[in-house]
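Visitor: Could you take me through one part of this structure slowly, as you would for someone in a first course? I would like to look closely at the aromatic rings and then follow the chain to whatever lies around them.

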Amino acid sequence: MPRPYAGGMKGSKGRSSDEPLAAFLRARRHRVRPEHHRLAPGAPRQVPGLRRDEVAFLAGISTDYYVRLEQGRERRPSRAVVEGLSEALLLDDVAARYLRELSDPGAAFGEGAPCMDTDRLDAVHQLLGSITVPALLVNRWLDVVDSNTLGDLLHEGLDPRDNYARLVFLAPGAPAFFTEWPELARCMVAALRAQAGPEAGSARLTQLLKELTAHSEGFEAAWREHHLYEKTIDRKLFRHPRVGLLVLDQHVLELPGSEGHRIWAFHPADDATSNALLRLASPAPPSGRPNPQTVEAAM
């Protein structure tokens, strides 16, 4: 039976804000229906989802306070308010953590690119070199910081390769290379948002988003959906121009204390892919970006 609800306001039409917390709350509110909380839907709604006063009711806060949150006039809700909002908006663990990060003034890493100290970076570089499958070191903005030889060969012929989101959305050959490109593109947007966390409005990320929006049809709409995605393992299908179809299990390995850096390791899922990776590692004409040592020797 629908829950009794004494409210009835249609929600304020006050100014909206592109502030990350405000935008996230608006996007997630529109995805929750009254019946999800056993609330009576009432009169027909102009837009799907809960009204602001319904979210406030479910979260145990005043409607005025929630309106201020959605308009960006209040940006630091308490832990109790965040927990109430997580329940009202039916957030999963990833989204609830993201909301906590947006609400925590000490959660942001800074405006510059996330970086590791030289000694740690050298150690990870050696680790990548010892891994016998394709492997990349990726920061929270999906910049490809480092890779082993197979990791580089895996994406040969694709450009740009300095950032995985740029590779997926801007490389001309990406839709042919990634056999499930539409789904991968959606996951890439959601992963970028989840990993950016409290820096979703930083100057560094804004620059990347501006480029992706300008050159990739549909990216902006996907970004505004505020989907979040994090994975530890996922099956990937790549159609490599030199060795054919590759079926790979992508493992995401966290690096504690590294400001969001992760290792992506691509393990072959079948014997055919194992054999294809052996062929890929064999000597071949250079493709894609040039070897830095070759460039330096030519200068």
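Guide: Let's start with the rings, keeping in mind that this is a predicted model. It contains 10 aromatic pairs. A pair of aromatic rings is described by two things, the distance of the centres and the angle of the planes. Take F24 and Y98 as an example: their ring centres are 5.0 Å apart with 65° between the planes, an edge-to-face arrangement. These two residues sit 74 residues apart in the chain, with F24 in helix α1 (residues 20-29) and Y98 in helix α5 (residues 93-103), so that the pair links distant parts of the chain. Both F24 and Y98 are buried.

Now move on to Y164 and F178, another edge-to-face pair, at 6.2 Å centre to centre and again with 65° between the planes. Here the partners are 14 residues apart: Y164 belongs to helix α8, while F178 is in the loop between α9 (174-177) and α10. Are these two rings buried or exposed? Y164 has a relative accessibility of 3%, so it counts as buried. F178 has 2%, and therefore counts as buried as well. If you click on both of them, keep them highlighted, because ring pairs join Y164 and F178 to F177, F238, W264 and F266 in a cluster.

Rings can also have a charged neighbour. The charged end of R193 is placed over the ring of W223, 3.8 Å from its centre. In a second case, R140 lies over the face of W141, and the distance to the ring centre is 4.7 Å.

From the cluster, W264 leads us to a cavity. The structure holds 3 cavities of 30 Å³ or more, and the largest has about 90 Å³ of space. W264 is one of the residues that line this largest cavity, and others include L184, M188, Y229, K236 and R262. Two elements give two or more residues to that lining, α10 (181-196) and β5 (262-268). The largest share, 5 residues, comes from α10. What kinds of residues make up the lining of the largest cavity? There are 7 nonpolar, 1 polar and 4 charged.

Let's follow β5 to its neighbour. Strands β1 and β5 pair in the antiparallel sense, over 4 bridges. Within this pairing, L137 has I263 in β5 as its bridge partner. Strand β1 (residues 135-138) also has β2 beside it, joined by 3 bridges and again antiparallel. On that side, L137 stands opposite D146 in β2, and V138 is opposite V144. Look at which way the side chains of β1 point: A135 and L137 go one way, L136 and V138 go the other way, and all of them are buried.

Between β1 and β2 there is a hairpin with 5 residues between the strands. Which residue there has a positive phi? L142 does, with a value of about 70°, although it is not a glycine. L142 has a relative accessible area of 0%, so it is buried. You can set this beside L90, which is not a glycine either and has a positive phi of about 55°. L90 is found in the loop between α4 (79-88) and α5. With a relative accessible area of 43%, L90 is partly exposed.

Coming back to β1 and β2, we reach another cavity. The second largest cavity has a volume of about 70 Å³. It is lined by 10 residues, and L136, V144, G151, H155 and R161 are the closest to its centre. Three elements, β2 (144-147), α7 (149-154) and α8 (164-170), each supply at least two residues of the lining. The lining of this second largest cavity divides into 4 nonpolar, 3 polar and 3 charged residues.

One last stop is the loop between α7 and α8, where P160 lies. The peptide bond from D159 to P160 is cis, and its omega is near 10°. From there you can step along to α8, the helix of Y164, and that brings you back to the ring cluster, of which Y164 is a member.

Definitions and conventions: Residues are numbered from 1 along each chain as its sequence is written. This is a predicted model: local features need pLDDT of at least 70, side-chain atom pairs count only at pLDDT 80 or more; totals for chains, interfaces and linings use all residues. Side-chain values use heavy atoms; hydrogens and water are left out. On a 1 Å grid over the protein atoms alone, a cavity is a set of points where a 1.4 Å probe fits but cannot get out, and a pocket is an open set with protein on both sides within 12 Å along at least five of seven lines; lining residues have an atom within 4 Å of a point. Grid points are joined across faces, edges and corners, and a volume is the space filled by probe spheres set on the points. Ala, Val, Leu, Ile, Met, Phe, Trp, Tyr, Cys and Pro count as nonpolar, Asp, Glu, Lys and Arg as charged, and the others, Gly among them, as polar. Two strands pair if DSSP finds at least two bridges between them. Rings of Phe, Tyr and Trp (its six-membered ring) pair if their centres lie within 6.5 Å; planes under 30 degrees apart count as stacked, over 60 as edge-to-face and the rest as tilted. Buried means under 20% relative accessible area, exposed over 50%, partly exposed in between (1.4 Å probe, protein chains only). A charge sits over a ring if NZ of Lys or CZ of Arg is within 6 Å of the ring centre and within 35 degrees of the ring normal.
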